[in-house]
Amino acid sequence: MTAYKIALLDGDGIGPEIMTEAVKILDLVASRNNIEFDLRHGAFGANAYFAHGHAFPDATKKLCDEADAILKGPIGLSHEASRKIPVDMQPERGALLPLRRRYNTFANFRPVYLPQGLAHFSPLKPEIIGDGIDFIIIRELVGGLYFGKKETGINAQGRRFVSESLEYDEDQIARIARVAFDTAKKRKGLLHNIHKSNVLKSSVLWNEVMVEVGQDYPDVEVVNILVDAAATYLCLNPGQFDVMVMENMFGDILSDQAGGILGSLGLMPSACIGPDKAYYEPSHGSAPDIADQNVANPYSMIGSVAMMLEMSLGMEAEAQNVWHAMQSVFTQGYTTADLAKPGAQNKMIGTDAFGDLVVEELAKAPV
Ligand code: NAD
Ligand code: IPM
Ligand code: MN
């Protein structure tokens with residue numbers, strides 16, 4: 001029997017709740033497909049810091065090293081609670097960035113998808129949405145400001161100062177460019193390159209390399225858009241986008257905005273792919289404001305399972321079945337709290353009920 005080792009990093013806040021629902025799906029996928037998932041939980045995030053003194057303990061590193069794929073829940077605390085942890089040990093700097101660096105997961109796929117039948121979840125008007133929202137943000141994940149040189153201190157004038165640099169070399173840009181062009185080639189042959197070359201030298205080099213790599217993809221049309229304008233177009237005409245590529249920080253911000261146009265960050269799964277290892281996580285955070293209330297939307301976590309099935313385990317058809325199962329739960333009129341509309345006849349369901357209904361739907365799909 002085929003067996004896969006999957007490291008499960010539940011995370012903080014709503015992480016454990018939505019991971020529980022993801023595990024229900026994994027259990028069903030295993031039994032339907034006659035495979036085995038060896039699921040092992042590892043401490044990761046603020047919970048790990050408080051229990052073990054480190055947000056990414058050695059035992060979890062070993063678990064991840066040995067895993068065929070990693071499924072990760074969101075980490076982090078509220079702004080106020082974070083202050084209980086020294087800055088460099090906080091889970092973002094102490095666990096998440098080290099995870100990305102450890103496996104060099106440079107290619108972050110953040111699909112932004114809402115079929116027309118679910119357009120009512122979006123805050124955008126129906127005439128803007130047209131026949132649905134369907135594009136993908138490809139975010140460079142291990143370069144730029146996040147991983148550049150940092151310095152803090154007292155300057156010559158006696159003032160506290162800080163400096164962080166946005167660094168890329170041409171190889172880092174070329175490899176994410178290739179991922180973006182390959183994705184565009186498989187989809188509609190349209191690639192939006194998001195940049196800020198009117199100000200940032202890093203974007204000038206980025207764009208040069210985009211042109212060079214683009215020579216190998218004559219069938220892909222490239223449209224260059226400044227990042228500030230792109231933010232507007234996401235609201236006014238998201239239908240123009242199919243594949244968008246951008247550097248790390250731009251991708252962080254625009255992908256949350258993309259969640260906003262869908263109606264909730266709870267609809268945003270993601271895949272973080274490196275040369276030898278990949279991990280899968282919701283694009284959103286640990287949502288401390290709604291933790292432990294059974295109201296979080298687990299779509300992002302279950303969608304991350306679907307991306308793992310497709311991108312790490314070669315189970316494309318089953319991944320599609322998972323997506324369809326989730327959409328069909330919504331199409332039946334059920335809604336999680338984040339997507340409920342005031343005054344509408346909502347068939348409101350909690351985190352666990354959503355997972356159970358997805359299991360019911362998936363069980364009906366032919367293997
Ligand atoms: P957040 O993404 O956690 O929440 C923003 C808003 O979206 C909140 O109102 C929240 O309730 C809602 N939301 C998010 N996911 C949802 C879901 N699945 N269902 C329903 N509603 C959902 O952002 P934040 O509050 O700014 O950050 C909280 C913590 O998460 C911070 O510590 C931050 O650093 C961390 N964070 C972690 C990751 C990660 O692990 N990859 C990503 C982003 C933020
Ligand atoms: C994300 C998150 C992270 C990021 C934080 C938590 C470090 O916001 O995955 O989008 O900025 O990359
Ligand atoms: Mn983010």
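This report describes the surroundings of two ligands, a set of aromatic pairs and several single residues in a predicted model.

The model is predicted, and local features are accordingly restricted to pLDDT of at least 70 and side-chain atom pairs to pLDDT 80 or more, whereas totals for chains, interfaces and linings use all residues. Residues are numbered from 1 along each chain as its sequence is written, chains are lettered from A and ligands numbered from 1 in the order in which they are written, and side-chain values use heavy atoms, with hydrogens and water left out.

## The two ligands

Ligand 1 is surrounded by 22 residues, of which Leu 77, Glu 92, Gly 285, Ala 287 and Asn 297 are the closest; a residue is counted as near a molecule or strand if one of its heavy atoms lies within 4 Å of it. By class, the shell of ligand 1 divides into ten nonpolar, seven polar and five charged residues, where Ala, Val, Leu, Ile, Met, Phe, Trp, Tyr, Cys and Pro count as nonpolar, Asp, Glu, Lys and Arg as charged, and the others, Gly among them, as polar.

The shell of ligand 2 consists of Glu 92, Leu 96, Arg 100, Arg 110, Arg 139, Tyr 146, Asp 252, Glu 281 and Ser 283, and it comprises two nonpolar, one polar and six charged residues. Helix α5 (residues 91-102) contributes the most to this shell, with three residues; helices (H or I, at least four residues) and strands (E, at least two) are DSSP runs, numbered from the N terminus.

The table lists polar contacts of both ligands, a polar contact being a pair of N or O atoms within 3.5 Å; within protein, one atom must be able to donate a hydrogen and the other to accept it, and residues adjacent in sequence count only if both atoms are side-chain atoms.

| Ligand atom | Protein partner | Distance |
|---|---|---|
| Oxygen atom of ligand 1 | Polar backbone atom of Ser 286 | 3.1 Å |
| Oxygen atom of ligand 1 | Polar backbone atom of Ala 287 | 2.8 Å |
| Oxygen atom of ligand 1 | N or O atom in the side chain of Asp 289 | 2.9 Å |
| Oxygen atom of ligand 2 | N or O atom in the side chain of Arg 100 | 2.7 Å |
| Oxygen atom of ligand 2 | N or O atom in the side chain of Arg 139 | 2.8 Å |
| Oxygen atom of ligand 2 | N or O atom in the side chain of Asp 252 | 2.9 Å |

Taken alone, ligand 2 exposes 320 Å², of which the protein buries 77%, while ligand 1 on its own has 820 Å² of accessible area, of which the protein covers 71%. These areas come from the Shrake-Rupley method with a 1.4 Å probe, and for residues only the protein chains shown count as cover.

## Ser 304

Ser 304 is found in helix α11 (residues 299-311) and counts as buried because its relative accessibility is 0%; buried means under 20% relative accessible area, exposed over 50%, and partly exposed in between (1.4 Å probe, protein chains only). The side chain of Ser 304 reaches the backbone nitrogen of Ser 270 at 3.5 Å. Leaving aside neighbours within four places in sequence, Ser 304 is in contact with Leu 71, Pro 269, Ser 270, Tyr 280, Glu 281 and Pro 282, contact meaning heavy atoms within 4.5 Å. Of these partners, Glu 281 also belongs to the shell around ligand 2.

## Aromatic pairs

The structure holds ten aromatic pairs; rings of Phe, Tyr and Trp (its six-membered ring) pair if their centres lie within 6.5 Å, and planes under 30 degrees apart count as stacked, over 60 as edge-to-face and the rest as tilted. The rings of Tyr 4 and Phe 37 have centres 6.2 Å apart and planes at 35°, so this pair is tilted. It links distant parts of the chain, with Tyr 4 in strand β1 (residues 3-9) and Phe 37 in strand β2 (residues 36-41), 33 residues apart, and both Tyr 4 and Phe 37 are buried. For Phe 44 and Phe 56 the ring centres are 5.0 Å apart and the planes stand at 85°, so that pair is edge-to-face. Phe 44 and Phe 56 are both buried. Ring pairs also link Phe 121, Tyr 299, Trp 323, Phe 330 and Phe 354 into a cluster.

## Backbone details

Most residues other than glycine have a negative phi. Asp 292, however, has a positive phi, near 65°, and lies in the loop between β12 (278-280) and α11, where Asp 292 counts as exposed at 68% relative accessibility. Asn 294, in the loop between β12 and α11, likewise has a positive phi, near 60°, and is partly exposed, with a relative accessible area of 31%.
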